[in-house]
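Here are a few exercises on pockets, a cavity and a helix. Have a go at each one before you read its solution.

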Amino acid sequence: MAGEEWLHATNAQGQWVKTGPRSALMEEIRHHARKCGDAPLALPVVHIILMTSTGQVRLVQRGDKPENPYMWDKAVGGHVVTEDPTLPHAAFEENVYKEMGEEIGLTNIEIAPSPFDYIHRLHSGTLDLQEHALIRMIDYDPWQGVFVQVKDGKPWVKRLNVVVYAGVYDGPLTFVDGEAINSRSMDLNLLHAQLQQSPWLYADGVRIFMQRYRPLMMAGLQEHSVG
């Protein structure tokens with residue numbers, strides 16, 4: 001396919017195994033996962049979890065996509081495209097800017113280099129959170145498994161070589177490329193209850209970030225919203 005992206009695939013330790021055109025590589029991995037019950041390789045991605053300064057999580061509803069169509073999901077995510085198969089951290093950061101611009105129209109992004117710097121900047125009052133997003137890296141997992149729903153075939157287990165970012169943004173979300181069609185902000189307790197009652201409404205990544213990252217997502221926000 002002309003102009004198709006090429007992706008790298010990695011093993012459980014995050015080491016490069018092979019590179020191929022996106023559609024062909026994903027079909028190979030998907031076929032193996034459906035046959036054997038698990039994916040043989042991981043695809044490098046970034047996930048960005050956004051909160052409001054009052055402690056609500058910002059979700060987007062996915063469009064008519066091959067994976068998890070019309071389900072509610074984290075604010076931003078995308079495959080890492082880079083020529084370097086060693087997948088340096090800079091490649092993941094570059095993809096954060098790319099995906100946030102393409103998916104929600106946000107280009108004013110500040111990535112804090114440390115949790116201390118993140119909390120300091122969040123409380124300093126020098127950043128307009130209606131105009132800027134403040135985020136920081138909270139996890140790296142070279143072999144995260146997610147259960148993927150599809151509209152035209154069997155669900156499958158996908159493996160992700162993922163860097164996870166979380167942070168705060170209070171401004172509007174502008175859907176640029178059709179990846180998402182709607183958004184909402186939810187109280188975490190309400191989201192937890194809905195994940196129990198109606199899990200089919202949410203992409204599996206929502207369950208994962210609620211189980212793993214809830215305290216990190218809330219870091220600094222209760223004090224910030226009061227102060």
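**Exercise 1.** How much space lies in the second largest pocket? Work out what lines it, too.

*Solution.* Keep in mind that this is a predicted model.
- Step 1: start with volume. The second largest pocket holds about 270 Å³ of space.
- Step 2: find the centre. There are 16 lining residues, and the closest to the pocket's centre are Leu195, Pro199, Ala203, Asp204 and Arg207.
- Step 3: map the lining onto elements. Two or more residues each come from α4 (188-197) and α5, with α5 giving the largest share, 5 residues.
- Step 4: sort by class. You get 8 nonpolar, 5 polar and 3 charged residues.

**Exercise 2.** Take helix α5 by itself. Where does α5 bend, and by about how many degrees?

*Solution.*
- Step 1: α5 covers residues 204-217, and its bend of about 55° sits at Gln211.
- Step 2: look just past the bend. Pro215 follows Gln211 within four residues.
- Step 3: check burial, using under 20% relative accessible area as the cut-off. The α5 residues that pass are Asp204, Gly205, Val206, Ile208, Phe209, Met210, Tyr213 and Met217.

**Exercise 3.** Now the closed space: which residues line the largest cavity?

*Solution.*
- Step 1: count cavities. With a threshold of 30 Å³ or more, the count is 1, and the largest cavity has about 60 Å³ of space.
- Step 2: list the lining. It consists of His47, Ile49, Lys74, Gln144, Val164, Gly205, Ile208, Phe209 and Tyr213.
- Step 3: assign elements. β3 and α5 each supply two or more of these residues, and α5 gives the most, with 4.
- Step 4: cross-check with Exercise 2. Gly205, Ile208, Phe209 and Tyr213 line the cavity and are also among the buried residues of α5.
- Step 5: by class, the cavity lining splits into 5 nonpolar, 3 polar and 1 charged.

**Exercise 4.** Finish with the largest pocket. Which element gives the largest share of its lining?

*Solution.*
- Step 1: the space in this pocket comes to about 930 Å³.
- Step 2: 45 residues line the largest pocket, and Arg22, Arg62, Lys65, Glu67 and His79 are the closest to its centre.
- Step 3: many elements chip in with two or more residues, including α1 (22-36), β3 (42-51), α2 (89-104), β8 (133-148) and, once again, α5.
- Step 4: the largest share is 6 residues, from α1.
- Step 5: the class tally is 17 nonpolar, 7 polar and 21 charged.

Notes. Residues are numbered from 1 along each chain as its sequence is written. This is a predicted model: local features need pLDDT of at least 70, side-chain atom pairs count only at pLDDT 80 or more; totals for chains, interfaces and linings use all residues. Side-chain values use heavy atoms; hydrogens and water are left out. The bend at a residue is the angle between axes fitted to the seven residues ending there and the seven starting there. Buried means under 20% relative accessible area, exposed over 50%, partly exposed in between (1.4 Å probe, protein chains only). On a 1 Å grid over the protein atoms alone, a cavity is a set of points where a 1.4 Å probe fits but cannot get out, and a pocket is an open set with protein on both sides within 12 Å along at least five of seven lines; lining residues have an atom within 4 Å of a point. Grid points are joined across faces, edges and corners, and a volume is the space filled by probe spheres set on the points. Ala, Val, Leu, Ile, Met, Phe, Trp, Tyr, Cys and Pro count as nonpolar, Asp, Glu, Lys and Arg as charged, and the others, Gly among them, as polar.
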